[in-house]
Amino acid sequence: MEENKKIPQHVAIILDGNGRWAKAKGLPRNYGHKQGAKAVEDILVVARDMGIKYLTVYAFSTENWNRPETEVAALMTILKTYLKSSIKKSMKNNVRCQVIGERSRLSDDIRAAIEELERATAGNTGLTFTIAINYGSRDEIVRAVRKLADECKTGEISADEISEEMISKNLDTGNIPDPDLMIRTCGEQRLSNFLLWQCAYTEFYYTDIAWPDFDEAELQKAVDAYGNRNRKYGGLKDDAQ
């Protein structure tokens, strides 16, 4: 990469196409989800080596419960296995892990695995890896608004004090910066209820590559594309006419 190309501090990825990838190969959709989990492990190391500081992935949305029960059950099994196996790998690579999303609908063993992973990696100082499980951005915003409303009721804050910064801090991602780059794989070009508030000024990159085939070369393409963007945040840059 040329020296003038910028590395995004925070990359978010919508992991799309696992099932379609498997179906195209005549394999069960669940096999695609397993390969998708492996692709996450590989990209995590690549992102860290590129100098990316935060990586956030959309693993399971609030809408994914509408899939067939057998597929949901398989996804939960894969997630539980992934969460448990991530401890050793995260400690080896100095990765701090956290999970965002509404946890009450998750099973006790999934919640326990999340808590164990977060606790074990809390002291790591390298890349921060955020996994969105049972996450929906509208649900997240509603939860944040309710929390602020409760604080207004108790007199902790007044309605006039509520600001964009305060709302941001009360979202699930309140401890990390907003994404600089959002990647979606497998040809779809929508956010699908992912980080709606946080992506106000995020750069978007879409690729037809299905997630299990998204590798180091593909991430480099996305980062290079980001490096060529002129991020103005509503203003003008020096080279603007």
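I began with the contacts of Glu151 in this predicted model. Setting aside residues up to four places away in sequence, I found that Glu151 touches Glu156 and Ile157. I placed Glu151 in helix H5, which spans residues 137–153. I then looked up its exposure: Glu151 has 16% relative accessibility. I entered Glu151 as buried because 16% falls under the 20% limit.

Next I turned to the nonpolar cores. The largest one has 45 residues. I noted which members touch the most others: Ile13, Leu55, Leu83, Phe129, Ile131, Ile183 and Leu219. Apart from this core I found another, of 10 residues, with Ile100, Ala132, Met182 and Phe194 among them.

I followed up Ile131 from the largest core. Leaving out neighbours within four places in sequence, I listed the contacts of Ile131 as Val57, Ala59, Tyr82, Leu83, Gln98, Val99, Ile100 and Leu117. Leu83 is in that contact list and is also among the residues of the largest core that touch the most other members. Ile100 is a contact of Ile131 too, but I had entered Ile100 under the other core.

Last, I checked the pockets. The largest has a volume of about 620 Å³. Its lining comprises 27 residues, and those closest to the centre are Leu15, Tyr58, Ala59, Asn64 and Arg67. Ala59 was already in my notes as a contact of Ile131. Which elements each supply at least two residues of the lining? I recorded helix H1 (18–24), helix H2 (29–50), strand S2 (54–61) and helix H3 (69–93). By class, I counted 13 nonpolar, eight polar and six charged residues in the lining of this pocket.

Conventions
Residues numbered from 1 in each chain as written. Predicted model: local features only at pLDDT ≥ 70, side-chain atom pairs only at ≥ 80, totals over all residues. Heavy atoms only, no water. 1 Å grid on protein atoms, 1.4 Å probe; cavity = no way out; pocket = protein on both sides within 12 Å on 5 of 7 lines; lining within 4 Å. Points joined across faces, edges and corners; volume = space filled by probe spheres on them. Helix = DSSP H or I, 4+ residues; strand = E, 2+ residues; numbered from the N terminus. Nonpolar A, V, L, I, M, F, W, Y, C, P; charged D, E, K, R; others polar. Core = buried A, V, L, I, M, F, W, Y, C linked by side-chain atoms within 4.5 Å. Buried < 20%, exposed > 50% of the residue type's maximum accessible area, 1.4 Å probe, protein only. Contact = heavy atoms within 4.5 Å.
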